[in-house]
Amino acid sequence: MRRTIPARLGRPGLVVVLGAGLAGCGMPDPVTEQGESVRTLWNPTIVAAIAVGAFVWALALWSVVRYRKRNETLPTQVAEHIPIEIVYTVVPILIVAGLFVVGAATTTKVEEKAEDPDVVVDVEGFQWSWQFTYIEEDVLVSGDGSGTDGPELVLPVGQTTRLNLISDDVAHSFWVPEFLTKRDLIPGIDNEIDVTPTETGTYRGRCAEYCGLDHWRMYFSVRIVTAEEFEAWVAENAGGDPVSAEADAPEEGEGSG
Ligand SMILES: [Cu+2]
């Protein structure tokens with residue numbers, strides 16, 4: 001006897017699948033205001049997608065069972081059914097329009113630039129590391145691709161930092177999973193993003209655009225600290241030698257993405 005998909009998965013399997021969907025498919029908890037906006041968009045979207053998917057699967061299963069071939073008699077042939085055609089044209093248009101409106105609103109919010117950001121950092125990606133230049137604070141953090149953690153970008157919590165994304169060699173991409181946003185660094189095109197961290201902690205970032213053989217080396221870390229800690233860090237490092245935080249040598253075979 002043929003088993004239905006839910007039967008094959010078993011009830012625990014189905015619960016896990018639905019649970020993963022509802023929990024944001026393993027999406028990390030956002031640590032910035034911009035990331036929180038993305039999650040606010042994602043959660044209702046995934047619920048709507050699961051609802052539509054479940055409805056379609058249910059209809060398909062129902063018609064397979066209810067209208068399966070029982071004998072050689074041809075079923076009643078219907079050329080058209082205007083009300084149903086209107087429903088299945090109008091409902092998807094409404095869903096897509098709704099997704100467009102909330103998607104556009106979230107994009108606008110995430111893209112919003114502060115008129116006067118609290119901190120401005122030039123983020124330069126190069127083969128094979130990153131350099132962070134704090135314009136007003138006069139701090140330079142430079143990586144050389146030798147460590148496992150990469151250079152460290154220090155950001156104050158609750159304040160808006162403008163990141164100017166610059167590349168002079170090839171395209172790279174600035175990605176911190178917990179920010180829930182990702183932006184390319186393209187030679188000749190200076191992208192910029194604003195981030196407003198909401199939680200202190202250390203998070204790992206990486207280049208998310210294949211940029212050559214040692215692309216995997218392009219790690220960096222982001223340390224979100226309190227305003228006082230940020231000021232102390234700036235005072236300690238301003239105007240001096242470039243800050244480097246690449247103590248550990250990478251292990252053979254380590255690193256992916
Ligand atoms: Cu890369």
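How many salt bridges does the structure hold? The structure holds 7, where a salt bridge is a side-chain nitrogen of Lys or Arg within 4 Å of a carboxyl oxygen of Asp or Glu. The model is predicted, with local features needing pLDDT of at least 70 and side-chain atom pairs counting only at pLDDT 80 or more, while totals for chains, interfaces and linings use all residues. Residues are numbered from 1 along each chain as its sequence is written, and side-chain values use heavy atoms, leaving out hydrogens and water.

**View 1. The copper ion and its protein donors.** Cys207 (SG), Glu209 (O), Cys211 (SG) and His215 (ND1) sit 1.9 to 2.6 Å from the copper ion; donors are N, O and S atoms within 2.8 Å of the metal (3.2 Å for Na, K and Ca), and with water not among the atoms, sites may look incomplete. Along the sequence, the donor residues follow the spacing C-x1-E-x1-C-x3-H. Cys207 is buried at 1% relative accessibility, and His215 is buried too, at 10% (buried is under 20% relative accessible area, exposed over 50%, partly exposed in between, with a 1.4 Å probe and protein chains only).

**View 2. Asp29 pairs up with Arg39.** Their closest N and O atoms are 2.9 Å apart. Asp29 is exposed, at 54%, whereas Arg39 is partly exposed, at 24%.

**View 3. Glu72 meets Lys69.** This salt bridge has its closest N and O atoms 3.7 Å apart. Glu72 and Lys69 are both exposed.

**View 4. Arg217 and Asp214 in a salt bridge.** The N to O distance here is 3.3 Å. Arg217 is partly exposed at 23% relative accessibility, and Asp214 is partly exposed with a relative accessible area of 23%.
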